[in-house]
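Student: I am new to this structure and would like a close look at a single part of it. Could you walk me through it slowly?

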Amino acid sequence: PQLTATKPGRRVVRAKGTYVVLRELHRWERDPEVLSTCHKLIQVLIGDEPEPGMENLLEVTVPEEVEQQLQRLDREEEEEWRRSREEGQGQGAQERPQELSR
């Protein structure tokens with residue numbers, strides 16, 4: 001994630017074909033945390049570049065209410081995975097998250 005925080009870093013990561021590798025990883029990976037990180041990185045790579053002045057994502061000021069909402073969503077996602085894992089252990093198989101469309 002640090003490398004993709006800046007425009008030059010995102011350019012390098014895209015140029016190396018990282019998206020294709022991540023797409024394949026997403027197809028077979030089972031760990032929910034790895035899948036989540038993979039999905040977020042893919043979104044950065046395929047998304048539009050930030051507007052001028054916001055190219056370095058580490059320097060962007062996020063409003064506190066948005067930060068709180070993102071943290072809440074992350075906690076909910078973690079709790080959902082935890083429940084899914086616990087249910088999957090009892091059934092012997094874990095449900096596969098939805099595949100990326102690209």
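Student: To get my bearings, in what order do the elements of the protein run from the N terminus on? After that, please take me to helix α3 and what surrounds it.

Tutor: Happy to! Please keep in mind that this is a predicted model. From the N terminus on, the order of elements is α-α-α-α, which matches a count of four helices and zero strands. The protein has 102 residues, and 17% of them count as buried. Among contacts with a separation of 6 or more, 72% are between residues 24 or more positions apart.

Let us come to α3 by way of the helices before it. Helix α1 covers residues 7-15, and its buried residues are Gly9, Arg10 and Val13. Around the axis they cover an arc of only 100°, which puts them on the same side of α1. Pro8, Arg11 and Ala15, on the other side of α1, are exposed. The cover over the buried residues of α1 includes α2 and α3, so here is our helix already, as part of that cover. After α1 comes glycine 17, which has a positive phi, near 75°.

Helix α2 takes in residues 18-28, with Tyr19, Leu22 and His26 buried. Looking down the axis of α2, you find these buried residues within an arc of 65°, so they line one face of the helix. There is a general reason to expect patterns of this kind: an α-helix has 3.6 residues a turn, so residues three or four places apart point the same way. Turn to the other side of α2 and you meet Val21 and Trp28, which are exposed. And what do the buried residues of α2 pack against? They pack against α3, residues 32-46.

Just before α3, pause at glutamate 29, which sits in the loop between α2 and α3. Glutamate 29 has a relative accessible area of 15%, which is under the 20% limit, so it counts as buried. A polar atom of its side chain lies 2.9 Å from the backbone nitrogen of aspartate 31.

Now for α3 itself, where two residues make good stopping points. Take leucine 45, which lies in this helix. With a relative accessible area of 7%, leucine 45 is buried. What is leucine 45 in contact with, leaving aside its neighbours within four places in sequence? The list is Thr4, Arg10, Val13, Arg14, Thr18, Tyr19 and Leu22. Some of these names should be familiar: Arg10 and Val13 are buried residues of α1, while Tyr19 and Leu22 are buried residues of α2. Threonine 4 and leucine 45 are 41 residues apart along the chain, and their C-alpha atoms are separated by 8.0 Å.

The other stop is serine 36, also found in helix α3. Serine 36 counts as buried, at 8% relative accessibility. Leaving aside neighbours within four places in sequence, serine 36 is in contact with Glu77 and Trp81. Glutamate 77 belongs to helix α4, residues 64-91, so with this pair we look from α3 across to α4. The side chains of serine 36 and glutamate 77 make a polar contact, at 3.5 Å. These two residues are 41 residues apart along the chain, with 9.0 Å between their C-alpha atoms. Is glutamate 77 buried, partly exposed or exposed? At 28% relative accessibility, it counts as partly exposed. Setting aside its neighbours within four places in sequence, glutamate 77 is in contact with Lys40 as well as Ser36.

Lys40 leads us to the last feature, the largest pocket, which holds about 840 Å³ of space. Its lining has 19 residues, and the closest to its centre are Lys40, Val44, Leu57, Val62 and Leu70. Both α3 and α4 supply at least two residues of this lining, and α4 gives the most, with five. By kind, the lining divides into 13 nonpolar, three polar and three charged residues.

To put the picture together: α3 is what the buried residues of α2 pack against, it is part of the cover over the buried residues of α1, its serine 36 contacts Glu77 and Trp81, and it supplies residues to the lining of the largest pocket.

Key: Residues numbered from 1 in each chain as written. Predicted model: local features only at pLDDT ≥ 70, side-chain atom pairs only at ≥ 80, totals over all residues. Heavy atoms only, no water. Buried < 20%, exposed > 50% of the residue type's maximum accessible area, 1.4 Å probe, protein only. Arc of directions from axis to C-beta. Contact = heavy atoms within 4.5 Å. 1 Å grid on protein atoms, 1.4 Å probe; cavity = no way out; pocket = protein on both sides within 12 Å on 5 of 7 lines; lining within 4 Å. Points joined across faces, edges and corners; volume = space filled by probe spheres on them. Nonpolar A, V, L, I, M, F, W, Y, C, P; charged D, E, K, R; others polar. Polar contact = N/O pair within 3.5 Å; in protein donor to acceptor, adjacent residues only side chain to side chain.
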